[in-house]
Amino acid sequence: MTPSPTKPLVAIYVRVSTEDQVKRGISLQAQEEALKNYANALGYEVFKIYKDEGKSGKDLKHRPAMQELLKDAQNKKFQSILTYKLDRFSRSLRDLIETMEKLKEWGVDFISLQDKIETASATGKLMFHIISAFAEFERNVTSERTKFTMGVKAEGGNLVTRAPFGYKLENKKLLASENSYLVQELFQEFLNTKISLTQLSKKYGFSVNGLKKILSNQTYLGKTKFDKQIYQGSHQALISSTLFNHVQNKLKGVLKPEKV
């Protein structure tokens, strides 16, 4: 049957797991009938009914009908999604919030019959903003926790990012690699000869920007850097602070903008 162009289109999503069927007696048919009646009462035309049978609510990725539903939502094939209860859609708060944020971005409303949640009205939009605020709060807490963990790791002298040229990672420890001698050689050649950054980068197989990063990397002093803070590392230094400082002074002269 071709949907009426005068009515907004709604997608119905129903899900039941094996556990639901055994313990709670919740059937797809019961959800479907209730949602079709509710859609009719709200003045919607049903676009399609998406069914996931025997699927867990723990994640969205392993539910074929859910993936099809989200793809059709992104392609704006309907205006709203109607589900029987929030836990039918997802039992993961993170997945639920992230999915509702995507629906907002795509301009698709979300309606949960049993939970009395919908994003089509002013009250529903307020509820959605509250959920979004919790999502942002959770992201910020996660970011702060990650930053704190990495800060502690750096403060303890451990590596925060990947091993730079001249080092290797073994058992999460930064060790001098077989080509570590080239770091000393490279710093000395840049300081004590008239070779340009371009020529030096070609000689050692780096880009000019890559070479600049090497020549200004304090990891070679046996230090670690995180969030603009410098810490004493637990790894072996490859060059002296005197050599490093002389190279920085020369770099400033080389990179100094020409006067017009």
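**Figure 1. Gln-29 in helix H2.** A helix is a DSSP run, H or I, of at least four residues, and helices are numbered from the N terminus. This is a predicted model. Helix H2 covers residues 28-41, and Gln-29 is found in this helix. Is Gln-29 buried or exposed? Gln-29 counts as exposed because its relative accessibility is 59%, and the cut-off for exposed is over 50%. Now look across to Lys-51. Gln-29 and Lys-51 are 22 residues apart in sequence. In space, their C-alpha atoms are 10.0 Å apart.

**Figure 2. Helix H5, end to end.** Helix H5 runs through residues 93-106. How far apart should the ends of its 14 residues be? At 1.5 Å a residue, the expected span is 20 Å. The C-alpha atoms at the two ends are 20 Å apart, which agrees. Some residues of H5 are buried: Asp-95, Leu-96, Ile-97, Thr-99, Met-100, Leu-103 and Trp-106. Gly-107 comes just after H5 and takes a positive phi of about 75°.

**Figure 3. Two aromatic pairs that link distant parts of the chain.** The structure holds eight aromatic pairs. In one of them, the ring centres of Phe-47 and Phe-78 are 5.7 Å apart. Their planes meet at 50°, so this pair is tilted. The pair links distant parts of the chain, 31 residues apart. Phe-47 sits in strand E2 (residues 45-53), while Phe-78 sits in the loop between helix H3 (64-74) and strand E3 (80-83). Phe-47 is partly exposed, at 30% relative accessible area. Phe-78 is buried, at 2%.

The other pair is Phe-165 with Phe-206, and its geometry is edge-to-face. Here the centres are 5.0 Å apart, with 80° between the planes. This pair also links distant parts of the chain, 41 residues apart. Phe-165 belongs to the loop between helix H6 (122-155) and strand E6 (167-170). Phe-206 belongs to the loop between helix H8 (197-204) and helix H9 (208-215). Phe-165 has a relative accessible area of 23%, so it counts as partly exposed. Phe-206, at 21%, is partly exposed too.

**Figure 4. A ring cluster, and a charge over a ring.** Which residues do ring pairs link into a cluster? They are Tyr-167, Phe-187, Tyr-220 and Phe-244. A lysine also appears in this view. Lys-250 lies over the face of Phe-190, 5.0 Å from the ring centre.

**Figure 5. Salt bridges within a helix and between elements.** How many salt bridges are there? The count comes to seven. One joins Glu-33 to Lys-36, with 3.4 Å between the closest N and O atoms. Both residues lie in helix H2, three residues apart, which is about one turn of the helix. Glu-33 is partly exposed at 37% relative accessible area, and Lys-36 is partly exposed at 30%.

A salt bridge also forms between Glu-68 and Lys-48, whose closest N and O atoms are 2.3 Å apart. Glu-68 is in helix H3 and Lys-48 is in strand E2, so this pair ties together parts that are 20 residues apart in sequence. Glu-68 is partly exposed, with a value of 33%. Lys-48 is partly exposed, with a value of 33%.

**Figure 6. A buried acid, and a salt-bridge network.** The side chains of Asp-72 and Lys-77 meet in a salt bridge, 3.4 Å from N to O. Asp-72 is buried, at 8% relative accessible area. Its partner Lys-77 is partly exposed, at 39%. Other bridges share partners, and they join Glu-32, Glu-33, Lys-36 and Lys-51 into one network.

**Figure 7. Two nonpolar cores.** In soluble globular proteins, nonpolar side chains tend to be buried together. The largest nonpolar core has 22 residues. Which members touch the most others? They are Phe-187, Phe-190, Leu-200, Leu-215, Tyr-220, Ile-239 and Val-247. Helix H7 (181-192), H8, H9 and helix H10 (241-255) each supply at least two residues of this core. H7 gives the largest share, five residues. Zoom in on Leu-215. Leaving aside neighbours within four places in sequence, its contacts are Leu-186, Phe-187, Phe-190, Leu-197, Phe-244, Val-247, Gln-248 and Leu-251. Another core, of 21 residues, lies apart from the largest one. Among its members are Tyr-13, Phe-78, Leu-86 and Phe-110.

How values were computed
Residues are numbered from 1 along each chain as its sequence is written. This is a predicted model: local features need pLDDT of at least 70, side-chain atom pairs count only at pLDDT 80 or more; totals for chains, interfaces and linings use all residues. Side-chain values use heavy atoms; hydrogens and water are left out. Buried means under 20% relative accessible area, exposed over 50%, partly exposed in between (1.4 Å probe, protein chains only). The expected span of a helix is 1.5 Å times one less than its number of residues. Rings of Phe, Tyr and Trp (its six-membered ring) pair if their centres lie within 6.5 Å; planes under 30 degrees apart count as stacked, over 60 as edge-to-face and the rest as tilted. A charge sits over a ring if NZ of Lys or CZ of Arg is within 6 Å of the ring centre and within 35 degrees of the ring normal. A salt bridge is a side-chain nitrogen of Lys or Arg within 4 Å of a carboxyl oxygen of Asp or Glu. A nonpolar core is a set of buried Ala, Val, Leu, Ile, Met, Phe, Trp, Tyr and Cys residues joined through side-chain atoms within 4.5 Å. Contact means heavy atoms within 4.5 Å.
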